[in-house]
Amino acid sequence: MAACGQSYEETKRIARENRKETLRKNEAALKIAVMPTLDCLPLYVARHYQLLDTIYGGVRLKPYRAQMDCDTALERGHVEGMVTDLVRAMRLHRRGVKMRYVAATNAHWQLITNRNARIRKLKQLDDKMVAMTRFSSTDLLSDEAIDSAKLSDDRVFKVQINDVRIRLQMLMNNEMDALWLTEPQATEARLMKHHVVMDSRTMDLRLGVIAFREKEMQHPNRAKQLSLFLKAYDQACDSINKYGIGHYRRLLTDYYKVKQTVVDSLPPQPKYEHARGPRQQDVAVVEKWLDKEKKENGR
């Protein structure tokens, strides 16, 4: 009997070439950091319908559970773009990472209090802990809540919990008095009978945004990729608006790790609009808040 196969050196050579090819494809692809939040749904829908496959080099969605991790990935060049909020994107811009804001999303946040804490009004946040992410929309909204309730800043303890799933778990385990959540995590919390005391939609603020590194987008190939991506994004938004979020419950249960009962309990969402930059009034609000933070904290 006789057998033949690749030599050890041949196996190493093929593995080395495969790694190089994988690296080449990864560098050519347009990589976007996403979160398990509903403002990212058009990207998952576009991938589901293979709308992203027609883009030169392809598009790769890189999932994270914390906005800070998305920032780090973008700063280090692991991704070219991210779904985030204006506060984080504009702060990165101020730190020297020039950003291009290509789309305002329908992201919104709710301030949800632990049912066992018996907090039904903003004034009752006095001497309580609120989970949020520093230098993000939830940080800005926390200050808005404190100001509207006429509470002292040092009497409401803003606790930085970046991971959205951990933040929800802390609510479930009675480790936090209140916290900011967006969908679908906010629906999970409401199904557990926790209370909503503030909703960003009532403030006429649109802080969700999709942003890319300006330096990367200056390259002709990247510019072409971005143009095709935005076209696919608009098509995905049209599909969601036509068929509803419930039509994509499988995507939500698979990628967002939520139960079908949560998907079926989602309230009507704001319309998914075609890609266009953020409103100037929202930019102005964020600029003012960042200036205030820099003055107070020297950062």
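**Reading pockets, cavities, rings and cysteines**

Guide: Let's start at the largest pocket, whose lining is made of Arg134, Asp143, Ile146, Asp147, Asp153, Lys158, Lys292, Glu293, Glu296 and Asn297. Keep in mind that this is a predicted model.

Visitor: How do I read a pocket like that, and how much space lies in it?

Guide: Rolling a probe the size of a water molecule over the atoms shows where empty space is left. In this case the largest pocket holds about 160 Å³ of space.

Visitor: Which helices each supply at least two residues of its lining?

Guide: Those are helix H5 (137-148) and helix H12 (280-297). H12 gives the most, with four residues.

Visitor: And how does the lining of the largest pocket divide into nonpolar, polar and charged residues?

Guide: Eight of them are charged, with one nonpolar and one polar residue making up the rest.

Visitor: What about enclosed space? How many cavities of 30 Å³ or more does a search of the whole structure find?

Guide: Four. The largest of these cavities has a volume of about 190 Å³. Its lining counts 18 residues, and the closest to the centre are Met35, Thr37, Gln67, Trp109 and Thr182.

Visitor: Which strands and helices each supply at least two residues of the lining of the largest cavity?

Guide: Look at strand S3 (81-85), helix H6 (164-172) and strand S8 (178-181). S3 has the largest share there, three residues. By class, the lining of this cavity splits into eight nonpolar, seven polar and three charged residues.

Visitor: On to the rings. How many aromatic pairs does the structure hold?

Guide: There are five aromatic pairs. Take phenylalanine 212 and phenylalanine 229: their pair is edge-to-face, at 5.9 Å centre to centre with 70° between the planes. This pair links distant parts of the chain, 17 residues apart, with phenylalanine 212 in strand S10 (residues 208-213) and phenylalanine 229 in helix H9 (residues 220-243).

Visitor: Is phenylalanine 229 buried or exposed?

Guide: Phenylalanine 229 counts as buried because its relative accessibility is 2%, and the cut-off for buried is under 20%. Phenylalanine 212 is buried too, with a relative accessible area of 0%.

Visitor: Which residues do ring pairs link into a cluster?

Guide: That cluster is made up of Tyr44, Tyr255 and Tyr256.

Visitor: Rings can also have a charge over them. What sits over the ring of phenylalanine 135?

Guide: The charged end of arginine 91 does, 3.8 Å from the ring centre. Arginine 134 also lies over the face of phenylalanine 135, at 4.7 Å from the ring centre. You've met this arginine already, as Arg134 is one of the residues lining the largest pocket.

Visitor: Last topic, cysteines. How many disulfides does a search of the whole structure find?

Guide: A disulfide is a covalent bond between the sulfur atoms of two cysteines. Here the search comes back with zero. Cysteine 40, for instance, is in no disulfide, and the nearest cysteine sulfur to it belongs to cysteine 70, 7.7 Å away.

Visitor: Why is there no bond between cysteine 70 and cysteine 40?

Guide: Because their sulfurs are 7.7 Å apart, which is too far for a bond; the cut-off for a disulfide is within 2.5 Å. As for accessibility, cysteine 40 is buried, with a relative accessible area of 0%, and cysteine 70 is buried at 1%.

Notes: Residues numbered from 1 in each chain as written. Predicted model: local features only at pLDDT ≥ 70, side-chain atom pairs only at ≥ 80, totals over all residues. Heavy atoms only, no water. 1 Å grid on protein atoms, 1.4 Å probe; cavity = no way out; pocket = protein on both sides within 12 Å on 5 of 7 lines; lining within 4 Å. Points joined across faces, edges and corners; volume = space filled by probe spheres on them. Nonpolar A, V, L, I, M, F, W, Y, C, P; charged D, E, K, R; others polar. Phe/Tyr/Trp six-rings, centres within 6.5 Å; stacked < 30°, edge-to-face > 60°. Buried < 20%, exposed > 50% of the residue type's maximum accessible area, 1.4 Å probe, protein only. Lys NZ or Arg CZ within 6 Å of the ring centre and 35° of its normal.
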